[in-house]
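Before you work through this model at the bench, here are some notes to read beside it. They go point by point, beginning with the term on which much of the rest depends.

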Amino acid sequence: MIPQDWCEAVPYFKEGRHERILQKVATLRESTTVFPPEDQVFSALEAVSFDEVRVVILGQDPYHGAGQAHGLAFSVPEGAKFPPSLRNIFKEIDAEFYGGSKREVSTNLMRWAKQGVLLLNATLTVQEGQAASHAKLGWNAVTDDIIKAISRNRKNLVFLLWGKHAQDKRPLIADNGHCILEAAHPSPLSASRGFFGCNHFILTNEWLRKHDQPEIDW
């Protein structure tokens, strides 16, 4: 279920254009296993209201392993297989705030969402075992519209763009006083080429303090 505030703020939802994509996904669910479950496709929007978003983290595709995707970019439920990219995200946070000491933290990033972090994937569904399998269903038109709406109607947000796919979304972000931070993707293939040492989590909190907002407890 898409929350009413997001339906009103995002033209794609308001005009009902997303319904054809949902119909395509429903048809695919009849013959294939699709993640996340139907009731979690819009979890990122359900977790944080339009007016309470303070930070936007853009992902690419839901995890395609069983029990991993639950509608929040980079996040997996407690007890699910620990994705390498998420492991590297925590490694960077530990380096920035805790001198590199490894903490025991939940893999479920709902706690970030509850603090105003929108964890948005560009594509909102995927077929089991097949990365990017739903990338051409039309989801990008929906999520691009979400990015446009949030950046045009809100001010002084932080956008974290990790990797080329997320950075390609930069032209969608309206010039509305936002902080845009770019780095390599946290994937093991690229994390050592600019994600590690990016200090994005410290920089985000510095920006929030500067604009009289509470820091994120990462």
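1. Two residues are in contact here when heavy atoms of theirs lie within 4.5 Å. Please keep in mind throughout that this is a predicted model.

2. The annotated position comes next. The UniProt record, an unreviewed entry, places the feature "active site" at D61, and such annotations may be inferred rather than shown by experiment. In the model, D61 is found in the loop between β2 (55-59) and α5. D61 counts as buried because its relative accessibility is 19%, and buried means under 20%. Leaving aside neighbours within four places in sequence, D61 is in contact with N121, T123, T125, V126, A131 and A132. With A132 there is also a polar approach, since the backbone nitrogen of A132 lies 2.5 Å from a polar atom of the D61 side chain.

3. The same unreviewed UniProt entry carries a second annotation, "domain: Uracil-DNA glycosylase-like", at residues 46-208. Over residues 46-208 the chain is 29% helix and 13% strand, and the C-alpha atoms at the two ends of this stretch are 22 Å apart.

4. Which residues does S187 touch, beyond those up to four places away in sequence? They are S85 and N88. S187 is found in the loop between β6 (179-183) and α9 (200-210), whereas S85 lies in helix α5 (residues 84-97). Both serines are buried, S187 with a relative accessible area of 16% and S85 at 13% relative accessibility. Seen from S85, and again leaving aside neighbours within four places in sequence, the contacts are F74, H185, P186, S187 and P188.

5. W112 deserves a separate look. This tryptophan lies in helix α6 (residues 110-113) and counts as buried, because its relative accessibility is 1%. Not counting residues up to four places away in sequence, W112 touches I57, I89, F90, I93, V117, L119, F201, D217 and W218. As for W218, the two tryptophans are 106 residues apart in sequence and yet 6.9 Å apart in space, C-alpha to C-alpha. The backbone oxygen of W218 lies 3.4 Å from a polar atom of the W112 side chain.

6. W112 and W218 also belong to one aromatic cluster, together with F74, W162, F195, F196 and F201. The count of aromatic pairs comes to 12. One of the pairs is formed by F97 and Y98, which is tilted, at 6.3 Å centre to centre and with 50° between the planes. Both of these residues are partly exposed, F97 with a relative accessible area of 35% and Y98 with one of 37%.

7. Two arginines are placed over rings. The charged end of R87 sits over the ring of F82, 4.0 Å from its centre, and R17 lies over the face of Y12, at 4.2 Å from the ring centre.

8. Is R29 buried or partly exposed? R29, whose place is in helix α3 (residues 19-29), counts as partly exposed because its relative accessibility is 23%, and buried would require a value under 20%. Leaving aside neighbours within four places in sequence, R29 is in contact with V34, P36, P37, E38, V41 and T125. The contact with P36 includes a polar approach, in that the backbone oxygen of P36 lies 2.9 Å from a polar atom of the R29 side chain. R29 and Q127 are 98 residues apart in sequence and 8.7 Å apart in space, C-alpha to C-alpha. T125, listed here among the contacts of R29, is also among the contacts of D61.

9. The last point concerns helix α7 (residues 139-153), which has 15 residues and reaches 21 Å from its first C-alpha to its last, close to the 21 Å expected at 1.5 Å a residue. The buried residues in α7 are W139, V142, T143, D144, D145, I146, I147, A149, I150 and S151. When you look along this helix, recall that an α-helix has 3.6 residues a turn, so residues three or four places apart point the same way.

How values were computed
Residues are numbered from 1 along each chain as its sequence is written. This is a predicted model: local features need pLDDT of at least 70, side-chain atom pairs count only at pLDDT 80 or more; totals for chains, interfaces and linings use all residues. Side-chain values use heavy atoms; hydrogens and water are left out. Helices (H or I, at least four residues) and strands (E, at least two) are DSSP runs, numbered from the N terminus. The expected span of a helix is 1.5 Å times one less than its number of residues. Buried means under 20% relative accessible area, exposed over 50%, partly exposed in between (1.4 Å probe, protein chains only). A polar contact is a pair of N or O atoms within 3.5 Å; within protein, one must be able to donate a hydrogen and the other to accept it, and residues adjacent in sequence count only if both atoms are side-chain atoms. Rings of Phe, Tyr and Trp (its six-membered ring) pair if their centres lie within 6.5 Å; planes under 30 degrees apart count as stacked, over 60 as edge-to-face and the rest as tilted. A charge sits over a ring if NZ of Lys or CZ of Arg is within 6 Å of the ring centre and within 35 degrees of the ring normal.
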